[in-house]
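Here is a walk through one chain, from its helix packing to its aromatic pairs and a few single residues. Keep the structure open as you read.

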Amino acid sequence: MFFILSKTAAFLLLPSNILIVLGLLGVALLATRFKRAGLALVVASLMLLAVLGFLPLGGMLANKLESRFPPWDPTHGAPDGIVVLGGGIASTLSNEYGDPVLTGDGGRITAIAKLARAYPNARIVYSNGDASLFPTGQTDGKYLYLLLDSFGIPRERVLLEDKARNTFENAVFSKELVKPKPGERWLLVTSAQHMPRAVGCFRQAGFEVEAYPVAWRTRPRGRSTFGGALSGGLNTLDLATHEWIGLIVYRLTGKTSALLPAP
């Protein structure tokens with residue numbers, strides 16, 4: 001039930017979706033006796049879409065999350081293991097074209113190649129199941145292995161965890177799979193914006209990890225990299241809102257160790 005509700009709410013609570021729905025409601029009211037209210041809704045939704053798209057609010061919210069955990073310091077020594085969270089491969093497009101297609105979180109995938117070469121003795125786990133609301137049974141494993149082949153990384157270097165549908169399950173199932181021993185050092189690789197929630201879930205599951213953030217979307221001081229396009233600004237805001245809502249919901253349901261986990 002939590003999984004279904006989280007996927008539904010994630011769609012309905014995005015700022016751009018809310019404003020579009022309000023605008024459509026206003027258009028519908030134009031044909032009724034509530035024409036003035038409908039016109040007000042249409043104008044308000046258009047103005048808010050423009051304001052939220054062009055102002056740096058999304059970048060500020062995103063940067064607050066992305067700057068929470070600094071880049072990992074390799075001088076601390078080699079890790080014993082590495083957990084990489086899925087999301088870097090566009091499964092649907094990959095299936096359509098028969099070739100791996102990376103998403104904006106593709107830094108999670110390229111980090112595997114970098115870390116596998118740098119730490120040949122480290123165990124590596126890629127955690128990603130079918131997270132769609134209507135499961136297709138398809139996961140990233142097939143395309144991850146094709147990418148590993150192109151990177152020159154043996155497939156056996158990366159162990160697949162293919163049951164997790166959300167971040168908390170990433171933590172629980174990864175821990176069950178690798179059974180980390182006391183004193184071992186494990187890296188957690190995920191997008192910088194997603195790192196606070198991910199670390200909180202792993203801590204709650206009793207799996208101590210060190211943050212290895214990748215795939216930043218904002219520059220220092222909260223400046224976004226969307227290039228001034230309205231759609232880019234709204235996308236930045238939607239992604240940041242998704243993460244902030246996720247942090248709140250996960251904390252209220254006991255799935256993270258803190259509202260905004262820190263190093």
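**Helices, rings and loops**

Helices α2 and α3 are roughly antiparallel to each other. The reason is the packing angle, which is about 155°, and angles over 145 degrees count as roughly antiparallel, so the pair falls in that class. The model is a predicted one. Helix α2 covers residues 15-29 and helix α3 covers residues 35-54. Their axes lie 7 Å apart. The crossing of α2 and α3 is left-handed.

Look next at the residues that make this contact. From α2 come Ser 16, Leu 19, Ile 20, Leu 22, Gly 23, Leu 25, Gly 26, Val 27 and Leu 29. From α3 come Lys 35, Gly 38, Leu 41, Val 42, Ser 45, Leu 48, Leu 49 and Leu 52. Ser 16 is worth a stop. This residue sits in helix α2. Its relative accessible area is 12%. Buried means under 20%, so Ser 16 is buried. Leaving aside residues up to four places away in sequence, Ser 16 touches Leu 49 and Asp 238. Leu 49 is one of the α3 residues in the helix contact.

Now step back to the whole chain. It holds ten helices and five strands. Of its 263 residues, 44% are buried. Take the contacts between residues at least 6 apart in sequence: 72% of them join residues at least 24 apart.

A second helix pair is α8 and α9. Helix α8 runs over residues 167-178, and α9 over 195-204. They pack at an angle of about 40°, with their axes 8 Å apart. That angle makes α8 oblique to α9. Here the crossing is right-handed. On the α8 side, the contact is made by Thr 167, Phe 168, Asn 170, Ala 171 and Ser 174. On the α9 side, it is made by Arg 197, Ala 198, Cys 201, Phe 202 and Gln 204.

Two of these contact residues, Phe 168 and Phe 202, also appear in ring interactions. Lys 255 lies over the face of Phe 168, at 5.9 Å from the ring centre. Another lysine is placed over a ring too: Lys 163 lies over the face of Phe 173, at 4.6 Å from the ring centre.

Phe 202 leads to the aromatic pairs. How many does a search of the whole structure find? The search finds four. In one of them, Trp 186 and Phe 207 have ring centres 5.7 Å apart and planes at 75°. Planes over 60 degrees apart count as edge-to-face, so this pair is edge-to-face. The pair links distant parts of the chain, 21 residues apart. Trp 186 belongs to strand β4, residues 186-191. Phe 207 lies in the loop between α9 and β5, the latter spanning 210-214.

Phe 207 also pairs with Phe 202. The centres of Phe 202 and Phe 207 are 5.4 Å apart, with 50° between the planes, and the pair is tilted. Are these rings buried or exposed? Phe 202 and Phe 207 are both buried. Phe 207 has a relative accessible area of 1%. Trp 186 is buried as well, with a relative accessible area of 1%.

Elsewhere, ring pairs link Trp 72, Tyr 119 and Tyr 212 into a cluster.

Turn to helix α6, residues 107-118, where Ala 113 lies. Ala 113 is buried, with a relative accessible area of 7%. What does Ala 113 touch, not counting residues up to four places away in sequence? Ala 113 touches Phe 151 and Ile 153. The C-alpha atoms of Ala 113 and Gly 152 are separated by 8.3 Å, while these two residues are 39 residues apart along the chain.

Two loop residues close the tour, each with a positive phi and neither a glycine. Lys 179 has a phi near 45°. It lies in the loop between α8 and β4. Ala 215 has a phi of about 55°. Its place is the loop between β5 and α10, with α10 at 230-252. Which is buried and which is exposed? Lys 179 is exposed, with a relative accessible area of 59%. Ala 215, at 16% relative accessibility, counts as buried.

Definitions and conventions. Residues are numbered from 1 along each chain as its sequence is written. This is a predicted model: local features need pLDDT of at least 70, side-chain atom pairs count only at pLDDT 80 or more; totals for chains, interfaces and linings use all residues. Side-chain values use heavy atoms; hydrogens and water are left out. Rings of Phe, Tyr and Trp (its six-membered ring) pair if their centres lie within 6.5 Å; planes under 30 degrees apart count as stacked, over 60 as edge-to-face and the rest as tilted. Helices (H or I, at least four residues) and strands (E, at least two) are DSSP runs, numbered from the N terminus. Buried means under 20% relative accessible area, exposed over 50%, partly exposed in between (1.4 Å probe, protein chains only). A charge sits over a ring if NZ of Lys or CZ of Arg is within 6 Å of the ring centre and within 35 degrees of the ring normal. Axes are lines fitted to C-alpha atoms, for helices over the stretch in contact, and angles run from 0 to 180 degrees between N-to-C directions. Angles under 35 degrees count as roughly parallel, over 145 as roughly antiparallel, 65 to 115 as roughly perpendicular and the rest as oblique. A crossing is left-handed if the near helix is turned anticlockwise from the far one by less than a right angle, and right-handed if clockwise. Contact means heavy atoms within 4.5 Å.
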